[in-house]
Amino acid sequence: MSEQSLRWAGNDAWVITWRNLTVWRRVPAYLVFTVVQPTIFTLLFRYVFGGAIPVAVPGGYVNYLLPGVIGQTAAFATMATAISLAIEAQKGVIDRLRVMPIARSAVLLGRLLADGFRMLVTLLVIVAVGYAVGFRFHNGVGGALGMIALAEAFGLALCCVSMFIGLALRQEEAVQAFGLIWLFPLTFVSSAFVPLASMPGWLQAFAVNQPVTHVINALRWMALGDTPLSHNGDNLWLSIVWIVGIIAVFLPLAVRAYRRVS
Amino acid sequence: MSEAAIVVEGLTKTFAGRGRDARPVEALRGIDLSVRRGTVLGVLGPNGAGKTTAVRILTTLLQPTAGRATVEGHDVVRDAAAVRSVIGLAGQSTAIVDELSGRENLEMVGRLHHLGKPGAAARAGELLEQFDLVDAGERMAKTYSGGLLRRLDLAASLVAHPAVLFLDEPTTGLDPRSRLAMWDVIRNLVAGGTTLLLTTQYLDEADELADEIVVIDRGQVIAAGTSEELKGRIGGDVVEFVVPDGSRIAAAVDAVEPLGESRPTVESDSGLVSVRVGARGSEALVETVRRLDAAGISSVGLALRRPSLDDVFLALTGHAADDTSDSEGVSP
């Protein structure tokens, strides 16, 4: 790829990113999804369930909860990715972009960049809300930044899955109905909200070995340092392996689905 | 062939079937066509004839199963990128983002065409002016009417001054006034020298806008020529009248059938009966009045007219242009 075409590819991806972010800014419902919904989640778990769930971490349940909400939110943020792409494919917008002499990567890259930025805003909102209700980092600034970075990386990996689903299904209703159901067992049957020891054994077997648990344990470890419930960095390496693996499988699938949109 | 901006030879597209009785669908069964530079080709056919499939192949969105096509000398499969740099596409779906203003939409397209920010802004201004969108330009596109949206979309397809423009059913779904306005816009474009391939299911649209017309039915070209040539093919006049009382239509058809060269056709919702009477125009007209009167059938709007492209289509395919699935049910 020549320097010129690389520069154009960057320009094209940036224009699409700008377009996606402008739409996001101008549709109030999207802002509500991005900011209000995770805030409500944080408050609900903190005050409704929090008292009933004893956890052995410093600072109590709010400190246990927050990395869980962060991980879950990063996963759920990808719903918008699948839905937007399905709508664009359905309406023919993607076709029209493909008829222009733009870089083939622009639409998917622009989607990832815009949704990654949106996700970052959401994650920061949650940290701020968490601070207001008693959450505190216990592992320094590096740990705090590491937690945000890992959540972001995991969210982007799941965005690749969502891009594939959105482009493969190409129908908004289908994506709403079936495309994202997999997120619920993955996020709730994990260590996000309750310690795994409280689940029945057969469920634990799944929960212990699935990526969301690894990621959330790693987020917790980075936020709080060693605790009885997240006591070493193994989860971090496992998380990174999962993230790389998910991207390696689903990014090519998404690109293939994009080429086949017609 | 250097005169031809678009050349299509033996173009075939077969889609794998879907569902349980998955028979392959032959959308295009070997079409040939050629469009001279600076002229307008109207591709005319009913829904499902293969028009959109042909446009999608020519605009590099679909790969043909067999055959070849070139646009401005570039092969649509092997030189797809070169094709994309010389074409524009507008049509049934729009590239317009609802949450951006008309101006922002055009600027975005300009930046995707690498005009640079100032270049894109200048071009957007020109197009808003040219398409009479200056007032609407600052409003979000989601507030636009259907006609306004199509105009903006057409403007967007022209941002990079394409040598060849594809318009896929540009007026489908528009109200009559917006349709006429769209025709004016298209005429002006053509006057500027753009080569245009236009698909339509409206015969009057092809008649109005196209230099040459190809008629496509079920994936094949069944006729080609100028509008006059096509009309000449069936020659002869048509007697038309409307029977307001729906229950009397069948009786009316029986009454006038002996006058026609073929069985009269009926538009069942309007009650319009058409009889092709060859060269015996006025004589047949008088005879029609007599026969309807004798049968006690009241009619309105009795007229004798020259054949339209509608008649051509009927003569070529045996069914009306806007009527695919019910083609057997047209004549009672």
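Which strands and helices of chain B do the buried residues of H5(B) pack against? In this predicted model, the buried residues of H5(B) pack against two kinds of element of chain B: the strands E6 (87–91) and E7 (164–168), and the helices H3 (102–112), H4 (116–130) and H6 (176–191).

**Helix H5 of chain B**

Helix H5 of chain B covers residues 146–157. From the first C-alpha to the last, its 12 residues reach 17 Å, close to the 16 Å expected at 1.5 Å a residue. Because 9 of these 12 residues are buried, H5(B) is largely enclosed by the rest of the structure. The buried set comprises B:Leu149, B:Arg150, B:Arg151, B:Leu152, B:Asp153, B:Leu154, B:Ala155, B:Ala156 and B:Ser157.

**Chain B as a whole**

Chain B contains 11 helices and 14 strands. Its domain assignment gives domain 1 as residues 4–231 and domain 2 as residues 236–306. The centres of these two domains of chain B, taken over C-alpha atoms, are separated by 39 Å.

**Chain A as a whole**

Chain A has 12 helices and 0 strands, so that its elements, read from the N terminus, run α-α-α-α-α-α-α-α-α-α-α-α. The radius of gyration of chain A is 19 Å, close to the 18 Å that the globule rule gives for 262 residues, so chain A is as compact as a globular protein of that length.

The table sets out values for each chain.

| Chain | Span of the C-alpha atoms along the principal axes | Buried residues | Contacts joining residues at least 24 apart, among those at least 6 apart |
|---|---|---|---|
| Chain A | roughly 55 × 35 × 35 Å | 44% of 262 residues | 82% |
| Chain B | about 75 × 45 × 45 Å | 45% of 332 residues | 68% |

**Helix H2 of chain A**

Helix H2 of chain A takes in residues 28–49. At 1.5 Å a residue, its 22 residues should span 32 Å, and the end C-alpha atoms are 30 Å apart, which agrees. H2(A) nevertheless carries a kink of about 30° at A:Thr34, and this kink lies shortly before the proline A:Pro38.

That proline, A:Pro38, also belongs to the buried residues of H2(A), together with A:Thr42, A:Phe45 and A:Arg46. What do these buried residues of H2(A) pack against? Their partners are two helices of chain A, namely H3 (61–76) and H6 (106–132).

**The contact between the chains**

How many residues does the contact take from chain A and from chain B? Chain A gives 21 residues to the contact and chain B gives 20. On the side of chain A that touches chain B, helix H1 (3–26) and helix H5 (93–99) each supply at least two residues. H1(A) gives the most to this side, with 8 residues. By character, the residues of the side of chain A that touches chain B divide into 10 nonpolar, 4 polar and 7 charged.

Key. Residues are numbered from 1 along each chain as its sequence is written. Chains are lettered from A and ligands numbered from 1 in the order in which they are written. This is a predicted model: local features need pLDDT of at least 70, side-chain atom pairs count only at pLDDT 80 or more; totals for chains, interfaces and linings use all residues. Helices (H or I, at least four residues) and strands (E, at least two) are DSSP runs, numbered from the N terminus. The radius of gyration is taken over C-alpha atoms; the globule rule is 2.2 Å times the number of residues to the power 0.38. A residue is buried if 20 or more other C-beta atoms lie within 10 Å of its own, exposed if 12 or fewer, and partly exposed in between; C-beta atoms are placed from the backbone. Two residues are in contact if their C-beta atoms, placed from the backbone, lie within 7 Å. The expected span of a helix is 1.5 Å times one less than its number of residues. The bend at a residue is the angle between axes fitted to the seven residues ending there and the seven starting there. Ala, Val, Leu, Ile, Met, Phe, Trp, Tyr, Cys and Pro count as nonpolar, Asp, Glu, Lys and Arg as charged, and the others, Gly among them, as polar. Domain bounds come from an automatic or database domain assignment.
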